Amino acid sequence: MSAAIIAFLVVLLIGAPVAVVMAISGVAGVYSLGGERMVGIIADRMFSGVSGYMLIAVPYFIFTAELMNQGGLTQKLITFNNALLGKVRGALSHVNVTVSLFFAGLTGAAITDTVAIGKIMIPEMKKQGYDAEYAAAITACSSIIGPIIPPSVVMVVYATLLRDISVIDLFAGGILPGILMALTLLVTSFVLSWKRNYPKQGATPLKVAVLAFLSALPALLVPLIILGGILSGMTTITEASGFAAVYAIAIGFVFYRNLTLRKVWHALVTTARFSGVVFFLLATSAVLGWFVTRSGIARDAAELITTLSDIPFVQIMLVCLLLIVIGTVMDVLPALVVIGPVIVPAMVSLGFDPLHFAIVMIVTLNIANVTPPVGMTLMTAARIAEVPYERAIIASLPFYFAFLAVIVLLALFPALSTWIPSLLD
């Protein structure tokens, strides 16, 4: 065990990619368990980590999101949401949140939402008098709803990595927490907009609002197609993701007519790059995960948690604090594949519901995605807004505290995560 920990820390500190860190520490750990005779299992573990049929959905979901981005969906959603909220003070701030809520059902990745929405919303917010750092903060914080509202690449990876819960239950379990996150952002946005006297726009004529809705309707059907097929049992996750990609191509070429072969090629290249990163992480994490299971680290982690406190709420909050700390230096997927195999079995052994803890963990890691010093979504939004990262951090604090309240609510009330999945049983 010590060999794996030393290898992990050394390779991480020299700045190697997380997948390489997991591969080397996993090899060191496996070797420490049985010497050369155990090394042969590494290739088998790496293959098993990426051979799951359900993983085919990952590139399909990524491809669908890229097609919708290339097809001009973002502008359609902004126009529709602006028609609904334009006359409210701080209209663009609220539109930013609601667009992310709709967009979350299409992409499942926070950084995709940040770029797609931020490139349009942030310049427009600055033009209308919003502080640049505020525009960056609201864009980054609303974007992390993406991996919570299904479909979610993070949830597919979680189900594949840990295999203690179905991805369908994860998708269903993320609906209420995602909506709760959006509501807390809207409340915070309303309060700050009134205090700072941010602008509002005139009321949108009914005819214009109806036209905006009809224009956005084909795109809004994408999450309904995916979730409807999966939750009704008509399709598997993989089948639904493949059909969504075909549907995205169809409406991009036929309805919106913004999609070209060049844009489709660009979407394919982006999909291949992102999918390669995900699958390499899964392959190397499978080796490390096997070592963690065989070495008893998860059992030791559970014992450590119980020595700190025997109160369930305190236990889960301590773990959330650990996840936030890890999330400050690692992106969501790497953090999930590193810490998941250790902490999830430990929490389940302490009596926590696997689905409840899965949702709490996914939400907490995504909130950590706007936590400095890494905070990739916040850093990306700050670059789009052309504002120093430090100013964006300060502007994001009200939204960050609102998210911390969401974590506490999810920890206190497991039904927020388990109620909808229970209806599907």
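Visitor: How much of the protein chain counts as buried?

Guide: Of its 425 residues, 56% count as buried, and the model from which this value is computed is a predicted one. The label applies to residues under 20% relative accessible area.

Visitor: What makes helix α20 largely enclosed by the rest of the structure?

Guide: Helix α20 covers residues 376-385, and because 7 of its 10 residues are buried, the helix is described as largely enclosed by its surroundings. The buried ones are T377, L378, M379, T380, A381, A382 and A385. The helix is followed by E386, which has a positive phi, near 55°.

Visitor: Why does E133 count as buried?

Guide: Buried means under 20% relative accessible area, and E133, at 18%, therefore counts as buried.

Visitor: What makes the pair of E133 and R391 a salt bridge?

Guide: The cut-off for a side-chain nitrogen of Lys or Arg and a carboxyl oxygen of Asp or Glu is within 4 Å, and the closest N and O atoms of E133 and R391 are 2.7 Å apart, so the pair meets the definition. E133 lies in helix α9 (residues 132-143) and R391 in helix α21, so the bridge ties together parts that are 258 residues apart in sequence. R391 has a relative accessible area of 40%, and because that value falls between the bounds of 20% and 50%, R391 is called partly exposed.

Visitor: How many salt bridges does the structure hold, and how do you know that K127 forms one with E124?

Guide: The structure holds 2 salt bridges. For K127 and E124 the closest N and O atoms are 3.7 Å apart, which is within the 4 Å limit, so this pair qualifies as well. Both residues lie in helix α8 (residues 110-127), 3 residues apart, or about one turn of the helix. Residues three or four places apart in an α-helix point the same way, because there are 3.6 residues a turn.

Visitor: Why is K127 called exposed, and why is E124 called partly exposed?

Guide: Exposed means over 50% relative accessible area, so K127, with 66%, is exposed. E124 has 29%, between the two bounds, and is therefore partly exposed.

Visitor: Which residues form the nonpolar patch on the surface, and why is F413 called partly exposed?

Guide: The patch is formed by L304, L308, I311, F313, V314, L318, V408, L409, L412 and F413, which together have about 830 Å² of accessible area. At least two patch residues come from each of α16 (297-308), α17 (312-327) and α21 (389-412). F413 itself lies in the loop between α21 and α22 (415-423). Its relative accessible area of 48% is below the 50% that exposed requires, so F413 is called partly exposed.

Visitor: How do you know that the largest nonpolar core lies between the two domains?

Guide: That core has 130 residues, and Y158, L170, F171, M181, I343 and M361 are those with the most contacts inside it. Helix α21 gives the most to this core, with 11 residues. Because domain 1 (1-49) and domain 2 (50-423) both give residues to the core, it lies between them.

Visitor: Which residues does M361 touch?

Guide: Leaving aside residues up to four places away in sequence, M361 touches Y158, L323, L336, I339, G340, I343 and V344. Apart from the largest core lies another, of 5 residues, including V30, I42, V287 and F291.

Terms used. Residues numbered from 1 in each chain as written. Predicted model: local features only at pLDDT ≥ 70, side-chain atom pairs only at ≥ 80, totals over all residues. Heavy atoms only, no water. Buried < 20%, exposed > 50% of the residue type's maximum accessible area, 1.4 Å probe, protein only. Helix = DSSP H or I, 4+ residues; strand = E, 2+ residues; numbered from the N terminus. Patch = residues over 30% accessible without salt bridge, like charges linked within 9 Å, V, L, I, M, F, W, Y side chains within 5 Å. Areas by Shrake-Rupley, 256 points an atom, 1.4 Å probe, with all protein chains shown as cover. Core = buried A, V, L, I, M, F, W, Y, C linked by side-chain atoms within 4.5 Å. Domains from an automatic or database assignment. Contact = heavy atoms within 4.5 Å.
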